[in-house]
Amino acid sequence: MLDAITNSLTTQQLLEYFVRLMVIFLISPIHEFAHAWSAHLLGDDTAKYKGRLTLSPFAHVDLYGALLIFFFGFGWAKPVPVNPMRFKKPRLGMLITAAAGPLSNIIVALLGTAALQVMVSTTVIAGTMSYIFSMVQIFVLININMAVFNLLPIPPLDGSRILSYFTPYKVDRWINEHYTMFFIILVMLMSTPILGVPLSFLANALFSLLEFLTSWIPMLLR
């Protein structure tokens, strides 16, 4: 049975699913750890006491979010508990803590893009190296997708907490009162191709930016 499934998948697909597993068990924990670590630095140890100030995937992986990452390339992990009242400046603290997760994905994607630039400049992309190159490329793209997706200003995504820094308290209160409704809307949107076009546009723009930021590497190596 396993052989039949494996034979029905292309090498590229197998590589992509393998990288997605890496994202679930490596990058998602980094994303959530970034939230917890930022909150800790700003004075809130709620996540630490809940056992979330760790890189262990078992503390962070959410089953439904992990399945979305595996099959669609974007999703989420368990939200990190944060008590904004422990911050000296609650709204600013929430902004920084929320932004830390997507920023960690962008940093990892930047490092991956730099690795791609090194490979293109120093090796012939053929044979085994072509598989490694594809894995790193997929790895970068999934990190970018995760960053862009989590920056959407829809609860419970990080973008909604970032947006709350700029909105009045009345708006924040209304959003919190209708949290479940927004979550249902998000799930419905994810089940349709509506988000595909804007997310692809933003992901491509971010990838182009990362390529530009690492464009000095080939020139240096050559």
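Hi everyone. A pocket, as I use the word today, is an open set of points on a 1 Å grid over the protein atoms alone, with protein on both sides within 12 Å along at least five of seven lines. What I'm showing is a predicted model.

Let's start with the pocket, then. The largest one has a volume of about 600 Å³. Its lining is made of 23 residues, and if you want to find the centre on your screen, look for Met94, Arg161, Ser164, Asp172 and Asn176, which lie nearest to that point. Which helix gives the most to this lining? That is α8, with 5 residues. Helices α5 (90-122), α7 (158-163) and α8 each supply at least two residues. For those of you thinking about chemistry, the lining of the largest pocket splits into 15 nonpolar, 4 polar and 4 charged residues.

Now to the enclosed space. The structure holds 1 cavity of 30 Å³ or more, and the volume of the largest cavity is about 30 Å³. Around the largest cavity you'll find Ser28, His31, Glu32, Gly75, Trp76, Ala77, Met146 and Asn150. Helix α2 (11-41) gives the most here, with 3 residues, while α2 and α6 each supply at least two. By class, this lining has 3 nonpolar, 4 polar and 1 charged residues.

Let me stay with one of those lining residues, Asn150. It sits in helix α6. Is it buried or exposed? Asn150 has a relative accessible area of 6%, and the cut-off for buried is under 20%, so it counts as buried. Setting aside neighbours within four places in sequence, Asn150 is in contact with His31, Gly75, Pro102, Leu157, Asp158 and Gly159. Two of these contacts, His31 and Gly75, also appear in the lining of the largest cavity.

Next, helix α9, one I enjoyed looking at. It runs over residues 179-190, 12 residues in total, and reaches 17 Å from its first C-alpha to its last, close to the 16 Å expected at 1.5 Å a residue. Its buried residues are Phe182, Leu186 and Met190. Looking down the axis of α9, those buried residues fall within an arc of 75°, so they line one face of the helix. On the face turned away from that buried side are the exposed residues Thr180 and Met188. What covers the buried residues of α9? The cover includes α4 (63-72), α6 (128-150) and α8 (169-177). So α8 turns up again here, as part of that cover, having already given the most to the lining of the largest pocket.

Two more residues before I finish. Glu16 lies in helix α2 and is partly exposed, with a relative accessible area of 26%. Along the chain, Glu16 and Ile138 are 122 residues apart, yet their C-alpha atoms are separated by 6.3 Å.

Leu221 belongs to helix α11 (residues 216-221). Leu221 is partly exposed as well, with a relative accessible area of 42%. Not counting residues up to four places away in sequence, Leu221 touches Val118, Ser121 and Thr122. Leu221 and Leu26 are 195 residues apart in sequence and 30 Å apart in space, C-alpha to C-alpha.

That's my tour. Thanks for listening, and I'm happy to go back to any of these views.

Conventions: Residues are numbered from 1 along each chain as its sequence is written. This is a predicted model: local features need pLDDT of at least 70, side-chain atom pairs count only at pLDDT 80 or more; totals for chains, interfaces and linings use all residues. Side-chain values use heavy atoms; hydrogens and water are left out. Helices (H or I, at least four residues) and strands (E, at least two) are DSSP runs, numbered from the N terminus. The expected span of a helix is 1.5 Å times one less than its number of residues. Buried means under 20% relative accessible area, exposed over 50%, partly exposed in between (1.4 Å probe, protein chains only). The arc is that of the directions from the helix axis to the C-beta atoms. Contact means heavy atoms within 4.5 Å. On a 1 Å grid over the protein atoms alone, a cavity is a set of points where a 1.4 Å probe fits but cannot get out, and a pocket is an open set with protein on both sides within 12 Å along at least five of seven lines; lining residues have an atom within 4 Å of a point. Grid points are joined across faces, edges and corners, and a volume is the space filled by probe spheres set on the points. Ala, Val, Leu, Ile, Met, Phe, Trp, Tyr, Cys and Pro count as nonpolar, Asp, Glu, Lys and Arg as charged, and the others, Gly among them, as polar.
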